[in-house]
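Here are some notes for your reading of the model, set out as numbered points. They take up the ligand and its surroundings, and then some details of the backbone.

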Amino acid sequence: MESTNTHTFDLVVIGAGSGGYAAGRTARDFGATVAFVDKGPLGGLCILRGCMPSKTLIATGDAAYEVRHAAELGVHSSAPTVDFPAVMARKREIIQGFADYRIAGIDTFPVFAGEARFESPHRLRVGNDVLEAKHFVIGTGSVVAPAVIPGLAEAGFIDSDAALELAEPPKSLIVLGGGYVGTELTQFYARIGVPTTILIRSAHLLSGEDTDIGAGLTEYFREEGITVETHAVVQRVSVRADGLKVVHYQQDGVEKSVAAHEIFYALGRVPNVAGLNLEAAGVKYHNILGVTVDETMRTSQPHIFAVGDVTGRFLLVHVAIQQGEVAARNAVHDAYEAIDYSLSKTHTVFTDPQVAIVGDSEKELQRAGVAYVAASTPFNDHGKAIAIGKTKGFVKMLASPLDGRILGCAILGPDASDLIHEMIVALHYRATVFEFMRIPHLHPTMAEILTYPAEEIAEKITSARPLSIAQ
Ligand SMILES: Cc1cc2nc3c(=O)[nH]c(=O)nc-3n(C[C@H](O)[C@H](O)[C@H](O)COP(=O)(O)OP(=O)(O)OC[C@H]3O[C@@H](n4cnc5c(N)ncnc54)[C@H](O)[C@@H]3O)c2cc1C
């Protein structure tokens with residue numbers, strides 16, 4: 001019988017992804033002894049199969065699109081051809097570099113390679129090693145949601161992992177799901193020449209966003225030749241005699257179908273808790289909603305914390321990092337610092353045009369019964385955007401009618417993921433539209449567009465309440 005080695009640390013972190021790594025690094029900075037457990041491959045979802053590989057591929061799709069549309073700026077060239085193996089080789093090399101850098105950081109800690117399994121609230125087994133700790137952080141991430149559509153498993157499909165690793169592009173593609181993973185990778189494949197159809201149950205892509213944002217993006221997708229079928233309720237999948245995969249769906253009560261060479265299943269992710277034996281640790285969780293945590297990132301077992309995708313909140317890297325840092329501070333100092341998502345719920349979608357949202361959306365304000373004033377400015381009415389030929393989309397600002405405090409901003413447009421940072425700063429300092437208008441904006445720049453809805457809201461508020469605080 002093999003012997004068991006017992007090790008003791010202040011903090012043991014299960015999963016060295018974005019959230020777990022942030023927790024371990026922060027705790028060590030405060031002097032705690034920290035070990036990681038990870039089943040590998042090391043690097044985390046963002047670097048290996050998420051943010052970074054997807055953005056690397058999207059850059060290729062966007063370059064192909066720019067070449068095709070360069071004639072609008074008076075530059076003529078033949079239609080671009082895409083060297084898919086070269087695209088994938090570039091992606092692999094870039095990702096390897098990011099992963100190597102992260103692994104070098106992880107390797108400065110004791111690392112136990114293998115699947116973690118709780119034996120009790122204070123004992124964690126990894127192969128022949130047993131780790132005991134004052135505190136644990138669970139950061140095991142998420143996995144692709146199980147595919148429950150009849151016939152889909154038999155027909156075969158790709159998920160986001162596979163969509164980032166194909167040896168050659170599919171000849172045609174059906175995408176199930178219109179969230180950010182689905183839209184970003186669909187547009188990449190469409191832009192390198194793959195005929196693509198997206199099927200979604202909702203009225204527009206990005207169903208969680210305000211209608212003007214989601215419907216706007218849907219229209220732009222259609223304009224560039226991507227078929228988007230809305231209100232499409234998928235029933236089953238079959239395979240034709242010629243090998244094409246067929247998705248059968250119902251749309252407004254009518255039975256329809258669409259066929260393609262491949263199906264991309266992009267219907268979300270679920271928390272990864274399999275094998276952790278959370279019951280033995282006394283940690284409560286839900287298979288879809290994730291590990292239950294309070295605002296200090298503590299689970300139902302106060303010395304065990306959970307961070308990142310496994311908590312089911314937002315599924316974004318910057319949130320996983322914020323949660324990891326809060327958990328580490330609370331663990332090391334036995335503190336009760338509460339996490340604040342009001343700004344970190346900011347999110348972006350790297351389609352073209354991009355989407356970026358900070359603060360509250362109209363949907364959220366309406367649900368909460370909060371009064372607001374809204375103003376939008378389209379990019380096709382903005383000098384710099386017209387000059388550089390990037391006129392898709394608009395910026396929308398929402399502010400309180402009482403004092404003009406900015407409550408939220410949504411951008412559908414070029415470089416939205418960068419432009420939104422000015423608005424994050426504005427919301428961080430609880431700026432009003434009146435203060436925002438006094439901030440100098442260089443001319444001609446894309447960022448200048450943000451001043452126009454601010455001015456419009458300021459006018460609306462002052463004309464409604466001439467003697468208000470607004471002046
Ligand atoms: C295609 C795609 C694109 C994305 N793009 C973006 C983006 O642009 N911006 C953004 O903010 N987010 C993006 N995301 C989401 C982002 O990648 C995740 O929110 C983030 O990486 C989650 O980090 P994490 O620390 O929770 O988990 P992970 O990074 O997944 O880390 C979990 C770690 O736990 C380990 N592990 C799992 N189970 C066990 C076990 N039982 N025992 C031991 N170790 C275990 C794993 O090996 C892994 O290293 C994207 C996701 C996808 C799929």
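1. The ligand is a good place to begin, with the reminder that this is a predicted model. The shell around the ligand holds 35 residues, and those that come nearest are Gly19, Asp38, Lys55, Asp309 and Val317. Sorted by class, this shell consists of 13 nonpolar, 15 polar and seven charged residues.

2. Some polar contacts to the ligand deserve a look in the viewer. A polar backbone atom of Val317, which is also among the residues that come nearest to the ligand, lies 2.8 Å from an oxygen atom of the ligand. Another ligand oxygen contact involves Ser18, where a backbone N or O atom is 3.1 Å from an oxygen atom of the ligand. With Tyr180 the contact is made by the side chain, one of whose N or O atoms lies 3.1 Å from a nitrogen atom of the ligand.

3. How much of the ligand's area does the protein bury? The ligand taken alone exposes 1,000 Å², and 94% of that is buried by the protein. The elements that contribute two or more residues to the shell are helix H1 (18–29), strand S2 (34–38), helix H2 (45–49), helix H3 (51–68) and helix H7 (180–191).

4. Turning to the backbone, please check the cis peptide bonds, bearing in mind that most peptide bonds are trans. The bond from Asp352 to Pro353 is cis, with omega near 0°, and Pro353 sits in the loop between strand S19 (347–349) and strand S20 (354–359). The bond from His443 to Pro444 is cis as well, with omega near -5°, and Pro444 belongs to the loop that runs between helix H14 (433–437) and helix H15 (451–464).

5. Phi values also call for a comment, since most residues other than glycine have a negative phi. Phe314, although not a glycine, has a positive phi of about 70°, and this residue is found in the loop between strand S18 (304–306) and helix H10 (317–332). Is Phe314 buried or exposed? With a relative accessible area of 32%, Phe314 is partly exposed.

6. Arg430 is a further residue other than glycine with a positive phi, here near 55°. Its place is in the loop between helix H13 (416–428) and H14. Arg430 counts as exposed because its relative accessibility is 53%, and the cut-off for that word is over 50%.

Notes
Residues are numbered from 1 along each chain as its sequence is written. This is a predicted model: local features need pLDDT of at least 70, side-chain atom pairs count only at pLDDT 80 or more; totals for chains, interfaces and linings use all residues. Side-chain values use heavy atoms; hydrogens and water are left out. A residue is near a molecule or strand if one of its heavy atoms lies within 4 Å of it. A polar contact is a pair of N or O atoms within 3.5 Å; within protein, one must be able to donate a hydrogen and the other to accept it, and residues adjacent in sequence count only if both atoms are side-chain atoms. Accessible areas come from the Shrake-Rupley method with a 1.4 Å probe; for residues, only the protein chains shown count as cover. Helices (H or I, at least four residues) and strands (E, at least two) are DSSP runs, numbered from the N terminus. Ala, Val, Leu, Ile, Met, Phe, Trp, Tyr, Cys and Pro count as nonpolar, Asp, Glu, Lys and Arg as charged, and the others, Gly among them, as polar. Buried means under 20% relative accessible area, exposed over 50%, partly exposed in between (1.4 Å probe, protein chains only).
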